[in-house]
Amino acid sequence: SAHEIGEGLIPFYQRVTNMLLSHLVDIFRQWRRYNESLRELNRLADRELADIGMTRGDIPRVAWESSER
């Protein structure tokens, strides 16, 4: 019946909403990790970056790769 179908849809929409919210939280956390890495690496002098095999141009890529973990 239509009533039973409606009852089945509510948990479905709750699951979809929970998945979406969980994904948004994950994206936000990754963005924060990225920005934290970006700040830390940008604090280093060019010589310090060279010591770890990086240039200033590598910072965004390295920060992003670091945030994906």
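**Figure 1. A nonpolar surface patch that includes L9 of helix 1****.** In this predicted model, the residues L9, F12, Y13 and V16 form a nonpolar patch on the surface, and their accessible area together is about 360 Å². One of these residues, L9, is found in helix 1, where its relative accessibility of 38% places L9 in the partly exposed class, because that class lies between the limits of 20% and 50%. For the chain as a whole, the accessible surface comes to about 5700 Å², and carbon and sulfur atoms account for 59% of that surface.

**Figure 2. Overall arrangement of the helices.** The chain contains three helices and zero strands, so that, read from the N terminus on, its elements follow the order α-α-α. Helix 1 covers residues 2-43, helix 2 covers residues 46-51, and helix 3 covers residues 59-67. Of the 69 residues in the chain, 16% are buried. When contacts between residues at least 6 apart in sequence are considered, 40% of them join residues that are at least 24 apart.

**Figure 3. The largest nonpolar core and the surroundings of L41****.** Seven residues make up the largest nonpolar core of the model, namely Y34, L38, L41, L49, M54, I59 and A63. Helix 1 and helix 3 are the elements that give two or more residues to this core, and the largest share, three residues, comes from helix 1. Within this view, L41 touches L49, M54, I59 and A63, which are themselves listed in the core, and L41 also touches R56 and V62, with residues up to four places away in sequence not counted.

**Figure 4. S37 of helix 1 and its polar contact with S66****.** The position shown, S37, lies in helix 1, and with a relative accessibility of 14% S37 counts as buried, because this value falls under the 20% limit. The side chains of S37 and S66 are joined by a polar contact of 3.3 Å. If residues up to four places away in sequence are left aside, S37 touches A63 and S66; of these two partners, A63 is also a member of the largest nonpolar core.

**Figure 5. The salt bridge between D46 and R56****.** Across the whole structure, a search finds four salt bridges, and one of them links R56 with D46, the closest N and O atoms of the pair being 2.8 Å apart. Because R56 lies in the loop between helix 2 and helix 3 while D46 lies in helix 2, the pair ties together parts that are 10 residues apart in sequence. The C-alpha atoms of D46 and R56 are separated by 6.9 Å, and the side chains of D46 and R56 also make a polar contact of 2.8 Å. As for the surroundings of the two residues, D46 is exposed, with a relative accessible area of 51%, whereas R56 is partly exposed, at 34%. The residue R56 also appears among the contacts of L41, a member of the largest nonpolar core.

**Figure 6. The salt bridge between R47 and D51 in helix 2****.** In this view the side chains of R47 and D51 meet in a salt bridge, with an N to O distance of 3.4 Å. Because R47 and D51 are four residues apart in helix 2, about one helical turn separates them. Both partners count as exposed, R47 at 61% relative accessibility and D51 with a relative accessible area of 53%.

**Figure 7. The salt-bridge network of D58, R61 and E65****.** A network of salt bridges links D58, R61 and E65, and within this network the side chains of D58 and R61 meet at 3.6 Å, N to O. The arginine of this network, R61, has a relative accessibility of 44% and therefore counts as partly exposed, since the value lies between the limits of 20% and 50%.

Definitions and conventions. Residues are numbered from 1 along each chain as its sequence is written. This is a predicted model: local features need pLDDT of at least 70, side-chain atom pairs count only at pLDDT 80 or more; totals for chains, interfaces and linings use all residues. Side-chain values use heavy atoms; hydrogens and water are left out. Buried means under 20% relative accessible area, exposed over 50%, partly exposed in between (1.4 Å probe, protein chains only). A polar contact is a pair of N or O atoms within 3.5 Å; within protein, one must be able to donate a hydrogen and the other to accept it, and residues adjacent in sequence count only if both atoms are side-chain atoms. Contact means heavy atoms within 4.5 Å. Accessible areas come from the Shrake-Rupley method with a 1.4 Å probe; for residues, only the protein chains shown count as cover. Patches are made of residues with over 30% relative accessible area and no salt bridge: like charges are joined within 9 Å, nonpolar side chains (Val, Leu, Ile, Met, Phe, Trp, Tyr) within 5 Å. A nonpolar core is a set of buried Ala, Val, Leu, Ile, Met, Phe, Trp, Tyr and Cys residues joined through side-chain atoms within 4.5 Å.
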